[in-house]
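Visitor: Please take one part of this model and go through it slowly. I would like to start at the end of the chain and work inward, with the reasons spelled out.

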Amino acid sequence: MAQLSQAKSPVAPVAPISQNHLCAGKIYPMNFAFTEEQEELRKTVRAFLDAKSPETAVREQMETVNGFDPAVWSQMGSQMGLMGIHIPEEFGGMGFSYIELGVVLEEMGRSLLCAPYFSTVVMAANTLMQSGDEAAKKKYLPAIASGETTATLASVEPSGKWDESGVTMQAKGSGSSFTLTGTKMFVLDGHTSSLIIVSARTAKGVSLFAVEGNAKGLTRTALSTMDQTRKQAKLEFADVPATLIGTEGKGWEVLTRVNDLIVVALAAEQVGGAQKVLDMAVEYAKVRVQFGRPIGSFQAIKHKCADMLLEVESAKSAAYYGMWCAAEMNDELPSVASLSKAYCSEAYFHAAAENIQIHGGIGFTWEHPAHLYFKRAKSSELLFGDPTYHRELLAQRIGI
């Protein structure tokens, strides 16, 4: 990582279509491969996660209340610099693009890392970076980049709606000082985060607020979830003091951009998991022998693996395209974000389910890791809107 921070080359993401792509009347040059530096980043992160997030560590941390190892988290920040990967250098980050963040998330999805990385770096940091609030950036981003602060974004409420109508929490106050009353649900790492960015309504509309994790009047309850590798919480606010972030009433404009960035990041994580379960299935098909032959020689298994490969490779194209759009923040990001979330969600879940089928009886046991990926795939499919929601959103965005 130290070498990478010293030699930053131009971003060269994988593109699924052509070398030059027309967007809103402008031609954007596109390359078909990651740069050497990006591949080196992948190798470095994979080696670190292979050492720090093997299956034994995942099973150990998913059973704990906090859900992660503070020592590993500290190493990720102080030694690897992963928390500040795409945070600008002026705020203590490394200043890389969304492509590099996507590479890191793909490897984390592959290893099922148990850590508040997605909530802190993808959700909270992106919200701060898109808020336009320079004071908030200077106050919070350096501590996020160093790993000192864990953070999250609390937007969804008991209704389960991911759109603007779902934000009903009330904020009272004026200037920069407000109090919040209401409930937020399914908040990733909400029970452990030291900083919580909350969406709530004022007289001017949806706005964003910063709340300290130990604020008076805030009750945090860890939820029992299907996917134990990614912790969620219920947050109850009773006149909780909060500080306005950005412009009052402009919060949903910020969240619209942030939500697109979030689902693109999740798509990158999903393809990492999808590739892992594909690898598991193919390896097992090679070594498992029935009737004197490896099961991979049977036509039914061949077809399953071939279908998985097609879907996983297609999902990679969608995710990488989304990463490029996010790095450029171009006009295609909204439509590509929904496209990638819908496709990658279904591809990952199908691959995880087929992996269990190919493994047969052992794939259904708690002792085998197949169920860990299956649960992560299902929870990721539902997070931030399921495929049906995003296909409808995509249709609206492209005018169908």
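Guide: Two residues are in contact when heavy atoms of theirs lie within 4.5 Å of each other. A residue is called buried when its relative accessible area is under 20%. The model is a predicted one, and every value below is computed from it.

Start with helix α12, which spans residues 387-397. Its buried residues are P387, H390, L393, L394 and A395. What covers them? The cover includes helices α8, α10 and α11. Just after α12 comes G399, whose phi is positive, at about 80 degrees.

Each of the three covering helices leads further in. Take α10 to begin with, residues 333-359, which contains H359. Is H359 buried or exposed? H359 has a relative accessibility of 5%, and the cut-off for buried is under 20%, so H359 counts as buried. Its side chain reaches the backbone oxygen of N355 at a distance of 2.9 Å. Setting aside residues up to four places away in sequence, H359 touches M280, A281, Y284 and H368.

One of those partners, A281, brings in a nonpolar core of 23 residues, which also includes L278, I301 and Y373. That core is separate from the largest one, which has 72 residues. Helix α8, residues 251-287, gives the largest share of the 72-residue core, namely 11 residues. The members that touch the most others in that core are M76, L82, L105, M108, Y117, F118 and F384. M76 shows what such a position looks like: beyond its neighbours within four places in sequence, M76 is in contact with F48, G81, L82, M83, M108, L113 and Y117.

The remaining cover of α12 named above is α11, and α11 also has a place in the packing of helix α3. The buried residues of α3, which runs from 55 to 62, are A57, V58, Q61 and M62. They lie on the same side of α3, because the arc they cover around the axis is only 125 degrees. The general rule behind such a pattern is that an α-helix has 3.6 residues a turn, so residues three or four places apart point the same way. On the face of α3 turned away from that side sit the exposed residues T56 and E60. Against what do the buried residues of α3 pack? They pack against α2 (36-52), α5 (98-111) and α11 (370-382).

One last point concerns the cysteines. How many disulfides does a search of the whole structure find? The count is 0. For C305, the closest cysteine sulfur is that of C344, 20 Å away, and this is too far for a bond. C305 counts as buried because its relative accessible area is 13%, and C114 is likewise buried, at 8%.

To retrace the route: α12 is covered by helices including α8, α10 and α11; α10 holds H359, which touches A281; A281 belongs to the 23-residue core; and α11 is one of the helices against which the buried residues of α3 pack.

Methods: Residues are numbered from 1 along each chain as its sequence is written. This is a predicted model: local features need pLDDT of at least 70, side-chain atom pairs count only at pLDDT 80 or more; totals for chains, interfaces and linings use all residues. Side-chain values use heavy atoms; hydrogens and water are left out. Buried means under 20% relative accessible area, exposed over 50%, partly exposed in between (1.4 Å probe, protein chains only). Helices (H or I, at least four residues) and strands (E, at least two) are DSSP runs, numbered from the N terminus. The arc is that of the directions from the helix axis to the C-beta atoms. A polar contact is a pair of N or O atoms within 3.5 Å; within protein, one must be able to donate a hydrogen and the other to accept it, and residues adjacent in sequence count only if both atoms are side-chain atoms. A nonpolar core is a set of buried Ala, Val, Leu, Ile, Met, Phe, Trp, Tyr and Cys residues joined through side-chain atoms within 4.5 Å. A disulfide is a pair of cysteine sulfur atoms within 2.5 Å.
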